[in-house]
Amino acid sequence: RYTAGSYVLSEDRQAPRVEIASLLALAMVKFMILTIVVSSLQPTNAQQCQGLASCLECVGSTISCAWAAGGCLDSCNMIADVACYSSRNFADMTADDICQIEQNARNDDTLCGSQRNCADCTSTTKSDGRNCRWLGSGDDEGFCQSSCGMAGCGSDTCLSSFASSCGNFISCLGCLDQSCAWAVGSCLPSCDIIADVSCYSAQNFPNMSATEICEAEKNDVADASLCMGKRTCDECTATVKSDGEGCQWLEDFGCMSGCSMMGCGVNTCQSSSSPSPSCDGFDSCLGCLGQSDGGTCAWAAGSCINACNMVADVACYSSSNYPNNTADEICRIEQKAKDDETLCGSQRNCADCTSTTKSDGGECLWLGDGDSGGFCQSFCGLAGCGSPTCPSSPPPSCNNFDSCLGCLDQSGGRSCAWAAGSCLPSCDFIADASCYSTKSFPGMLATDICQAENNDMDDASLCISKETCDECTATIKSDGEGCQWFEDEDTDTSGCMSSCGMMGCGVSTCSLLDTASSGNVLLAKTNIWIAAVLFVVILSWVY
């Protein structure tokens, strides 16, 4: 029918088109619903990867999965602070090669993790030929690891290394063979703790072997004794030492083998040089101090010398130092001091040292960092005075415990922490993982803390097994709360968690599209837009 310049369908001809449009619109709605349902039923990459039970199946799959911490993930982006193996991370290697690396790393972790002290740890060789690494504050305080971790890289040498045992060696060669230092007849951890005397170590003689260094020390001692016995300048400078050089004469101090803290002497003498007091020829304290010329000599280090100002850092006995004692009394004091030095020096640990009584009624002194890491002496020496008491014995090392309760409930008094199935000295050693200690849970007993840890582990295992948002948020944990669903479209990752983690917190309720996998949400949204556009076209065609 024609009306006002336009054609209008009659009502009897328009009705069939409306019916057709209604049917098409209904079909579009059904198509939209079917698209959402089908999309939700299709497994995501994450779900497909989770179904792969071995490294080889996981890394060798066609959907680019990643293997980490004994499970298959859709990407290494989902995890941090643990080793992750995928074809992306090892681009030039086959799945077999990648999984062999993973197996070796796992074996290394087990091997290194079983070592309970630094010495055992750093002497254990891994599959790559390198040694395990010790991370801790002492030889028995810390843990052994195969590689760098959240707490750091550790070291392939021990803190005490050889220094703690230096005091046990009584010969130059035995001392230097253990990377220690030899000075004044004693073995020390380092030449840094001594001054004003000759000190022999590999650091001071870098181009010489231990045997050569000790031979040099022997020659120096012999030269010192040889030169000290000369009483005139002419006699001194005419005496040739082991190195072919002559002794040195230092006025007011006598003959020396080399420069000292008093200075250097001369190699030629003035004609007016007069002999020093004749102290030569005395091989005993009493003979030295009791000679007939007025007692001007001094006894030190087993030798008779002109005066105590010729020597330093060793005990020296003379009538000048002991003006109120006779020569006989002075020499008895010297003998007792020598006996005390021998007695104390024979003690090899702090307990034996500090329980040993000297001739004056006092105890020997222990100088060192630990019960066996040091040496015993009868008086204050070059390295210090030491102490008449021992450092308190440390309680059991944290890394000796393989259960949460054993770790946290220690009668020894040391406060440890339990995290990731290991006992650590402190929660400060670990990050990005739950850590349990009496400091973290101040109002709870060790049994209650470990029960909470067990519940958390069960909750994590329960939640992670849920594959959809609805299933996840409907799952109730031990605390009565539901699991959380996490989904990140940017990284194409999703999953069920028991609590907030490194990736953030999840949601406790799901929307309609949450039932679809993150990998199929885009497909569902696209199909909905297509259906909506067709629906608008149909309506415009009808009306």
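Tutor: Buried means under 20% relative accessible area, exposed means over 50%, and partly exposed lies in between. The model discussed here is predicted.

Student: Is Phe441 buried, exposed or partly exposed?
Tutor: The relative accessibility of Phe441 is 24%. Buried requires under 20% and exposed requires over 50%. Phe441 therefore counts as partly exposed.

Student: Which strand lies in the middle of the open sheet with three strands?
Tutor: The sheet is open, its strands pair in antiparallel fashion, and their order is β9-β8-β10. The edge strands, each pairing on one side only, are β9 (186-188) and β10 (199-200). The order places one strand between these two, namely β8.

Student: How many bridges join β8 to β10?
Tutor: Strand β8 covers residues 181-183 and runs antiparallel to β10. Ala183 stands opposite Cys199 in β10. The number of bridges joining β8 and β10 is two.

Student: How many disulfides does the structure hold?
Tutor: A disulfide is a pair of cysteine sulfur atoms within 2.5 Å. The sulfur atoms of Cys236 and Cys255 are 2.0 Å apart, so this pair fits the cut-off. In the structure, the number of disulfides is 19.

Student: How many residues apart are Cys236 and Cys255?
Tutor: The link of Cys236 and Cys255 is right-handed, with 80° about the S-S bond. It joins distant parts of the chain: Cys236 is in helix α8 (residues 233-237) and Cys255 is in strand β12 (residues 254-256), and their separation is 19 residues.

Student: Are Cys236 and Cys255 buried or exposed?
Tutor: A residue needs under 20% relative accessible area to count as buried. Cys236 and Cys255 are both buried.

Student: Is the disulfide of Cys463 and Cys483 left-handed or right-handed?
Tutor: The sulfur atoms of Cys463 and Cys483 are 2.0 Å apart. The torsion about their S-S bond is about -75°, so this disulfide is left-handed.

Student: Where in the chain is Cys483?
Tutor: Cys483 is joined to Cys463 by a disulfide. This pair links distant parts of the chain, 20 residues apart, with Cys463 in helix α13 (residues 446-464) and Cys483 in the loop between α14 (469-473) and β21 (484-488).

Student: Which strand does Cys472 reach through its disulfide?
Tutor: A disulfide joins Cys472 to Cys496, with 2.1 Å from S to S. The link is right-handed, with 80° about the S-S bond. Cys472 lies in helix α14 and Cys496 in a strand of residues 493-497, so the pair ties together parts 24 residues apart in sequence, and the strand is β22.

Student: What is the relative accessibility of Cys496?
Tutor: Its partner Cys472 is buried, with a relative accessible area of 0%. Cys496 counts as buried too, because its relative accessibility is 6%.

Student: How many aromatic pairs does the structure hold, and what angle lies between the planes of Tyr200 and Phe205?
Tutor: The number of aromatic pairs in the structure is four. One of them is Tyr200 with Phe205, 5.7 Å centre to centre. Planes under 30 degrees apart count as stacked. This pair is stacked, and the angle between its planes is 10°.

Student: Which residue forms an aromatic pair with Tyr436?
Tutor: The pair is stacked, with 5.7 Å centre to centre and 10° between the planes. Tyr436 counts as buried because its relative accessibility is 6%. The residue paired with Tyr436 is Phe441.

Methods: Residues numbered from 1 in each chain as written. Predicted model: local features only at pLDDT ≥ 70, side-chain atom pairs only at ≥ 80, totals over all residues. Heavy atoms only, no water. Pairing = 2+ DSSP bridges. Helix = DSSP H or I, 4+ residues; strand = E, 2+ residues; numbered from the N terminus. Buried < 20%, exposed > 50% of the residue type's maximum accessible area, 1.4 Å probe, protein only. Phe/Tyr/Trp six-rings, centres within 6.5 Å; stacked < 30°, edge-to-face > 60°.
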